[in-house]
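Colleague: I would like to learn how to read a fold of this kind step by step, beginning with the sheets and ending with the interior space. Could we take each general idea before its case?

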Amino acid sequence: MAQLLDLDQLRTFLAIADSGSFTQAASNIHRTQSAVSMQMRRLEDKIGKPLFVRDGRNVRLSEDGDKLIPFARRLLRLNDETLAAFNDDELSGRVCIGTPDDYAERFLPEILARFARSNPRVEVCVVCDESDELAKRVRAGELDMAIVTHCEDTMGSEVFRREPLFWIAAKHHDTEADDPLPLALGAPSCTWRKTAMATLEGIDRPYRLVYSSRNTTALMSTVQAGLAVSVIAESALRPGVKILGPAEGFPPLPMCEIGLLRNWHSNSATMEALAGHVVSALGNMPVPDADEALGVAAE
């Protein structure tokens with residue numbers, strides 16, 4: 001007889017995967033560390049594979065652990081949506097979520113549409129700003145949660161998505177050949193701005209900042225007009241741009257990590273429902289490889 005997976009064990013597994021720590025996961029889900037460890041031993045017994053690699057005091061996901069993540073998210077999402085469909089006590093109230101504008105344009109339509117189908121009586125307030133500002137507003141209690149770029153300023157966010165970060169320029173211009181290189185980047189606190197400048201300085205490539213904005217649409221317009229080169233995550237790629245790589249003299253950039261930062265003081269069923277939709281939808285959204293991304297940008 002086939003084994004039946006325990007959804008509670010899967011939730012604990014994802015809490016560990018998202019936080020990167022048994023201790024932090026235990027704190028987040030209000031269980032003891034020993035209870036969390038016991039759940040994971042039982043889950044490994046059912047799966048028949050080790051889900052974690054233990055190195056002294058450190059624990060990380062094994063290859064099979066990484067493989068389990070999308071299946072676990074899918075099972076939990078289906079469970080939650082099934083229960084919501086038969087729940088006469090619909091959630092109501094207001095929940096406020098923050099997100100950078102580039103994430104909002106691509107991610108929010110799917111998230112909000114799915115959430116609205118399950119929770120039609122909930123009002124969702126959306127605030128767009130840079131990740132560091134959103135983190136401050138979450139900690140100040142002004143937001144229930146925020147989708148953020150995971151970095152030093154947003155420590156504590158649950159990373160649920162990783163995607164490529166690209167150098168981009170206008171498709172029909174040779175802006176990338178200018179010397180010094182003209183750049184269009186975010187505000188001084190922007191992680192991608194810091195990464196771009198540090199990378200160019202690391203290869204002694206002269207550059208000048210010609211445009212700075214917190215608004216991704218404004219930055220993209222500058223790039224599409226052939227006025228500057230910029231750095232953008234895969235989720236923010238637009239038609240009319242080209243991706244620059246080593247062949248054009250641009251070193252690879254680190255992966256962009258996207259996480260969910262929660263205001264645990266406003267923890268509620270409504271907030272948890274929306275958080276579940278965010279993590280499930282974005283965590284399962286496929287990330288194209290570089291060749292696919294080039295095709296998207298060239299359309």
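Modeller: Let us begin with the idea of pairing: two strands count as paired if DSSP finds at least two bridges between them. In this predicted model, 5 strands form an open sheet in the order S4-S3-S5-S12-S6, and the pairing is mixed.

Colleague: Which strands stand at the edges of that sheet?

Modeller: Strand S4 (122-128) and strand S6 (158-163) do, and because each has a single partner strand, one side of each is left without a neighbour in the sheet. From one strand to the next the twist averages 20°.

Colleague: In which sense do S6 and strand S12 pair, and over how many bridges?

Modeller: S6 and strand S12 (residues 256-262) pair in the antiparallel sense over 5 bridges, and Arg 161 stands opposite Ile 258 in S12.

Colleague: Which strands does H5 lie across?

Modeller: Helix H5 lies across strand S3 (93-99), S4, strand S5 (145-149), S6 and S12, and runs at about 175° to S4.

Colleague: How should I read a salt bridge, and what does the one between Arg 94 and Glu 123 tie together?

Modeller: The cut-off is a side-chain nitrogen of Lys or Arg within 4 Å of a carboxyl oxygen of Asp or Glu, and by this rule the model has 14 salt bridges. In one of them the side chains of Arg 94 and Glu 123 meet at 3.3 Å, N to O; since Arg 94 lies in strand S3 and Glu 123 in strand S4, the pair ties together parts that are 29 residues apart in sequence.

Colleague: What is the order of the open sheet of 3 strands?

Modeller: Its order is S10-S7-S11, with antiparallel pairing. S10 and strand S11 (241-244) stand at the edges, each with a single partner strand, so one side of each is left without a neighbour in the sheet. Here the twist averages 50° from one strand to the next. Helix H8 packs on this sheet, touching S7, S10 and S11, and its direction makes about 50° with that of S7.

Colleague: Turning to the interior, how much space lies in the largest cavity, and which residues lie nearest its centre?

Modeller: A cavity is a set of grid points where a 1.4 Å probe fits but cannot get out. The count comes to 1 cavity of 30 Å³ or more, and about 320 Å³ of space lies in the largest cavity. Its lining has 27 residues, of which Pro 100, Asp 102, Glu 130, Cys 190 and Trp 192 lie nearest the centre. Among the elements that give two or more residues to this lining are helix H5, helix H8 and strand S10. By class, the lining has 10 nonpolar, 9 polar and 8 charged residues.

Definitions and conventions
Residues numbered from 1 in each chain as written. Predicted model: local features only at pLDDT ≥ 70, side-chain atom pairs only at ≥ 80, totals over all residues. Heavy atoms only, no water. 1 Å grid on protein atoms, 1.4 Å probe; cavity = no way out; pocket = protein on both sides within 12 Å on 5 of 7 lines; lining within 4 Å. Points joined across faces, edges and corners; volume = space filled by probe spheres on them. Helix = DSSP H or I, 4+ residues; strand = E, 2+ residues; numbered from the N terminus. Nonpolar A, V, L, I, M, F, W, Y, C, P; charged D, E, K, R; others polar. Axes fitted to C-alpha atoms, helices over the stretch in contact; angles between N-to-C directions. Contact = heavy atoms within 4.5 Å.
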